[in-house]
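Here's a quick briefing to read with the model open beside you. Grab a coffee and follow along.

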Amino acid sequence: MRDRYDALVIGSGFGGAVAACRLAQAGQRVGILERGRRYALGTFPRDWSNPRNGWLYQHDQGLFDVRPVNEMTIVQGAAYGGGSHIYANVHLRMPPDAFADGWPRGYDRASLDPYYDLVAWMLDLNTVSADQPFGVPAKTARTREAAGRMGRGGQFVLTPLAVDFGDPYTLRANKFGAQQYGCRHTGECDIGCNFQAKNTLDLNYLTVAERHGAQVGTRCEVTRITPTHDGGYEVLFIDHEAGGAERRTTAPVVVLAAGAVNTTELLLRCRNQYGTLPRMSSMLGHRYSGNGDYLGFAFGTDLPMEPSSGPTITSGIVHDRGTGAARRWFIFQEGGFPREIAGLLQLIDEGDDRLTGLHRTQDEVLKGIREAARGRIGEEKDGEHSAVFLAMGRDTADGRISLVPVTHDLRVTWNLTRNLGLYESEERFCNDIAEALGGRTAANPLWRALRLPVSVHNLGGCVMADGPSRGVVDARGEMFGHPGLFVMDGGCLPASTGVNPSHTIAAVAERNVEALIRRITGQPRWTAPEREHAVPVADPLDSVRIPVGGTPAPSAPGTGLRFTETMHGRLRRPEDPDHRAETETSFRVTVTAPVLADFLDDATHPMTAGGIVHVPGITPAEGAQVAGGAVNLLVAGDDRDSRKMIYTLPFFGQDGHPYLLDGVKDVRDHGRFDVWGSTTTLHTRVRRGSTPDAPVVLSGDLRLGALDFTRQLTTVRITETANTLWQAGALARFGLFFAGSLWDVFVRPKLPVPLSLPSAHRGGVR
């Protein structure tokens, strides 16, 4: 590597490869620093017996960097070409409405589409089809059939793939001069394609960059960036090729594209640990997203899925239901795996106790996975009736990457509570798919044992924004406070993409490096030379049909909550204001939130209710059955400092006519801090009819007595899970929701400074 360049690019993934290519084409002297290895044709690791032999970055800079960091397990690639060697080749565009979620001014789908088109031309996107040498994989056809059986055929898509589907046995040069075979359908996309059938970045963007003079240093790990006296930057790196020697180089322009987590970590160390970049925004590390990733499995399908045949992912199904915080937008994708790990996956199906278990730490579960891998990986055990599922969606993107004080260890804080609704919807959807395929489902061990997400699509931490109070870089990727320093990887994306993010990372990099080149060259009309070849490309998600009211809810059960409540009181007729003929009325109902996460996220907090109502003179002596009852718990009241609990209990009287018991608990501070009275007094009406405007025949107050309340506490149950840790977590989330609502009514208004108690629908505990 030289001592000085016009531009230095750190990392060679979807942001770095684009930036290096375009800067080199624009006549800049470009240096590329990549911590991973360069993999020539046929050199990806295949030693199934030894995970240290080429697989893990922690062992001699292997291909995979797996980092179990606190509240998220992060999976990244380390190679010349970045994550393009281990991703599943999928290139989908963000739906237009997703750009409203925190993106800076000037970004929308229409403005980004020309750059998406350019990336599509560079990567030669295709979908699987019958006229290709190996045709349409079995798992693609089975997933399409399952979508139809589930009534979701209108949301099924074939995913655009950066794969060469030409002659699989003839080595030939692609349009950039790089050598490739066509796809052999080996299911090895995620572990490095030894036939170079994937259109990885080293076969296009980086080939062009090197042809235009870019110099590459592989196994060069950047450790520090320091401003120089002339307005540029000195980059310090460890050259592992040279035995770990420490080297330096400088440039007036530095592009960080080492991946969202690594770029953010490097900048945090420069600011917090070394003090070399002190003017960075306080938002550094904030707005991290795991892109809503969820990994699942299916076993014992009716028909063979043949998961080891075909590209890893070929199709998807869109789920879009709900509004506001309760909206669940995600895409489900079928997956595949190399034949050699089929034996390991069978252990997940068999529930091997090394992969799961209660009251275990993250390290213990990971140790179990490693032990299981040593015993089963490399076995070509029958896995033809198995499947891998990957879902990704729009999460809250409010995590944080930080350094622990004193030790400076990396930490990722992730608000699992606020994202449980998305994860559980994805999990239930996977269960539905497994059932439609005639199989049984299983979650990945880290999720099953610890509710610990795994993300292969890490985003954020250095997000673009209109100012430093909201982000780290501006809308063109340049860092606030440090001109000439750019972020052009997934770290700059301000929210989850909801789809595989590689296409968006590359398109944003194309947009931002174009603006950079126009500035540094003084050529306001400069565009990428390949722009003249790019044509508009239709994205398959644009043709997805979402039914009115959204796609169907997953039918598989989710973790829920139920309790039984008993209330008593005297009701009177409207024509009896003197209470001379009061009627003893009571009900005992079981109130259920079938999916607790949905209940917490929905502003109406709906629960079902069923049980018995006793109204003498209207119901039989044994009472009447409540059918289709509902309770809305602690919804917004008439003003900011109040809440309501709304009860709607329909039943049939002994005369055969429909009746409705409806009521409201008015939860507010009446000036005497009456928490008990507000939450246990139901202002009740009994109506002759089934609608809210039916005539009132009885009215008054029903109350929950102290003894009944004590009994009620013993009836609280968490449903659809036997895992005691999950049960405890669900109870904690419900308790925080309840306590947080009461805090907002009775305590917060009296505080001199506005404070809120963490609650399950705002954040809080895992």
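**Helix H1 and its cover**

Right after H1 comes glycine 27, with a positive phi near 90°. (Helices are DSSP runs of H or I with at least four residues, strands are E runs of at least two, and both are numbered from the N terminus.) Keep in mind that this is a predicted model, where local features need pLDDT of at least 70 and side-chain atom pairs count only at pLDDT 80 or more, while totals for chains, interfaces and linings use all residues. Residues are numbered from 1 along each chain as its sequence is written, and side-chain values use heavy atoms, with hydrogens and water left out.

- H1 covers residues 14–25, and its end C-alpha atoms sit 17 Å apart, which agrees with the 16 Å that 12 residues should span at 1.5 Å a residue. (That expected span is 1.5 Å times one less than the number of residues.)
- 12 of the 12 residues of H1 are buried, so the helix is mostly covered. (Buried means under 20% relative accessible area, exposed means over 50%, and partly exposed lies in between, using a 1.4 Å probe and protein chains only.)
- Among those buried residues are Phe14, Cys21, Arg22 and Gln25.
- The cover over them includes strands S1 (7–10), S2 (30–34) and S12 (253–256), along with helices H2 (109–123), H4 (205–211) and H10 (502–521). (Contact means heavy atoms within 4.5 Å.)

**The whole chain**

- There are 14 helices and 31 strands in the chain.
- The radius of gyration is 29 Å, which agrees with the value near 27 Å for a compact globule of 766 residues. (It is taken over C-alpha atoms, and the globule rule is 2.2 Å times the number of residues to the power 0.38.)
- Along the principal axes, the C-alpha atoms fill a box of roughly 100 × 60 × 50 Å.
- Of the 766 residues, 58% count as buried.
- Taking contacts with a separation of 6 or more, 69% come from residues 24 or more positions apart.

**Helix H5 and the sheet it crosses**

- H5 (residues 260–273) has 14 residues and reaches 19 Å from first C-alpha to last, close to the expected 20 Å.
- Since 12 of those 14 residues are buried, H5 is largely enclosed by the rest of the structure.
- The buried set in H5 includes charged-name entries you can look up directly: Glu265, Arg269 and Arg271.
- Just after H5, glycine 275 has a positive phi of about 70°.
- H5 lies across S13, S18 and S19, at about 45° to S18. (Axes are lines fitted to C-alpha atoms, for helices over the stretch in contact, and angles run from 0 to 180 degrees between N-to-C directions.)
- Those strands form an open sheet in the order S13-S18-S19, paired antiparallel. (Two strands pair if DSSP finds at least two bridges between them.)
- S13 (286–288) and S19 (410–413) are at the edges with a single partner strand each, so one side of each has no neighbour in the sheet.
- S18 (residues 399–403) and S19 are joined by 4 bridges, and arginine 400 has threonine 413 in S19 as its bridge partner.

**The S10–S11 hairpin**

- Antiparallel strands S10 (residues 233–239) and S11 are joined by 7 bridges, with tyrosine 233 opposite alanine 251.
- The hairpin has 5 residues between its strands, and glycine 243 takes a positive phi near 75°.
- Alanine 245, in S11 (residues 245–251), is partly exposed at 26% relative accessible area.
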